[in-house]
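Colleague: Could you take me through one part of this model slowly? I'm new to this, so plain words please.

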Amino acid sequence: MNNKKTLKVRFLGGVGEIGKNMTALEYGKDIIIIDAGLTFPNADMPGIDLLIPDISYLVQNKDKIRGIVLTHGHEDHIGGLPYVLKEINVPVYGTKLTLMLLEHKLIEQKVAGYSLNCVKPSGVVKLGCFSVEFVHVNHSIPGSCALSITTPVGIVYHSGDFKVDLTPINGEMIDIPRISEIGKKGVTLLLCESTNVEQEGYTMSEHVVGETLDRLFADNARRRLIVATFATNVHRLQQIINLAEKHKRKIAFSGRSMLNVVDAATKVGEIDIPENLVVDIEKIKNYADKDLVIVSTGSQGEPMSALTRMAAGDYNQVQVGSNDTIIISASPIPGNERSIYQVINNLYRKGAEVVYKSITKIHVSGHACQEELKILHTLLKPKFFIPVHGEYRHLKKHCRLAKEIGMKESNMLIADIGDTVEVTPRSIRKGEKIQSGTRYIDGLSIDDSENVVRDRKHLAEDGLMVAVCCVSEDTGEIVQGPDIINKGSILSDAQIAEAKNIIIKTINSFDVKSVGDMSEIRNTIRKNLRNFIIKKTKKSPMIIPVVTEV
């Protein structure tokens, strides 16, 4: 394969996983980046706030990067950018709301010197040898676009996140005519999202949720309503605003991300709020329950979200009681089920009624189901196909779906993070691996390795023991200690005494005066203590021996 005429598609995130989507296209001396997302840690990552892609390869090649193009404004597509732009200062291109939400993040993270460039749907941006057209699609946030990228090897179509909604809230259907035209030109490579590939049929329209919400407003006419939903689901927020006006209720927004999104969407004209409809969350006590709806974050049971704090009785502005109906207008993200049901249980304990997806049609997805994916494949008729945005099973099933509608198995492949896929007008194959993986964000700190997470898990599961002892510089005898500080592991007083004796015997087995440094003694103490504790407790705490000469 002639590398001079080869497009390299480099996967930095979003394949084999849900979240932290990031892909780079490279041809010759030009690179463009598609999205830069994040994902959230699971219970096995204590103390970690966020996960973002490892961008070492891009930093090493930043002189080639012509820009970053964004499909839409969800966290898993733009959340990594405040960290990326601190290392790679390149222009960013996206639609109006996407950039407004991004700018909020950049200001919060004190990122300076960035260049945000607004592109309208159907707009085209020239970046080195790449020409990027933004194609309007339906999703659960306005301003969502697919990307039709003209490259020297042909068109690469990146679906972004999408669904086919025939009755969208803002009246703007996915641009099927334009997608059809792109297909007629000829598409060399399709990169298509796979999130809902396991779901048969079509994704329901957002209007279905509006009808359910309208009924719930009417059925709870004498009660206070609290609706928890994704802050970025702007169409859902607009429907709630419209229903608040229809049912003569004031609306209050709760949660920092909710307030940020409402502010950004209002400024760019994606949310229309009637005058005097919104009240400050601090002033809701001035209104009767029947005259109020509160819109809150926390639909995923996030520990510090407004709804979770309400459920725990730890939210001063809102005290949940028996005259409240809580509507959770979202589906659990895989892994969040336990947190969500804990919140629901706590809300029930406070006497509230709770409505959620397993009870009624209170949420619809923003992602394409099988029939919609088939429509996109059929319209584009790509020569080659790589499924993206999904765990391995999603990617595998998406390839099977493509095969069912006529694509050759040899013309598609499944990529892993760190893979480079080399594409020419006539061929597709895997090439070199690049440095990749995950960066762990803890507050303002970034760590590229898994050592921090491994050590924290070790501490959480087995605890910590610090053994402190002072020896004489002249005689080598113990003059103070040993003292043992034991945290998170259970040892009896007798076992602590035995551990101290092990330290004494270990030190006395050395000729301390002739030892060049204390590292050999410390390592031996650590080994002997670990063997003792494992034998007694079947646990292996982190052991830190401190031996000093005085």
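**The open sheet**

Modeller: Sure, let's look at the sheet. Eight strands make up an open sheet with mixed pairing, and their order is β7-β6-β5-β3-β2-β1-β19-β20. Keep in mind that this is a predicted model. The edges are β7 (116–118) and β20 (427–433), each of which pairs on one side only. Going from one strand to the next, the twist averages 25°.

Now zoom in on one pair. Strand β5, residues 65–69, and strand β6, residues 92–94, run in the parallel sense and pair over two bridges. Find I68 and you'll see that V92 in β6 stands opposite. Next, look for helix α4 (residues 96–108): this helix lies across β6 and β7, and runs at about 160° to β7.

Stay with β7 and follow the chain into the loop between β7 and β8 (124–127), where S122 is found. Have a look at the backbone there: S122 isn't a glycine, yet its phi is positive, near 85°. Most residues other than glycine have a negative phi. As for its surroundings, S122 has a relative accessible area of 52%, so it counts as exposed, the cut-off being over 50%.

For a second case, go to N276, which also isn't a glycine and has a positive phi of about 65°. You'll find N276 in the loop between α8 (256–267) and β15 (292–296). Its relative accessibility is 57%, so N276 counts as exposed.

One last backbone detail: the peptide bond from G481 to P482 is cis, with omega near 0°. P482 sits in strand β24, residues 478–487. Most peptide bonds are trans.

Definitions and conventions. Residues are numbered from 1 along each chain as its sequence is written. This is a predicted model: local features need pLDDT of at least 70, side-chain atom pairs count only at pLDDT 80 or more; totals for chains, interfaces and linings use all residues. Side-chain values use heavy atoms; hydrogens and water are left out. Two strands pair if DSSP finds at least two bridges between them. Helices (H or I, at least four residues) and strands (E, at least two) are DSSP runs, numbered from the N terminus. Axes are lines fitted to C-alpha atoms, for helices over the stretch in contact, and angles run from 0 to 180 degrees between N-to-C directions. Contact means heavy atoms within 4.5 Å. Buried means under 20% relative accessible area, exposed over 50%, partly exposed in between (1.4 Å probe, protein chains only).
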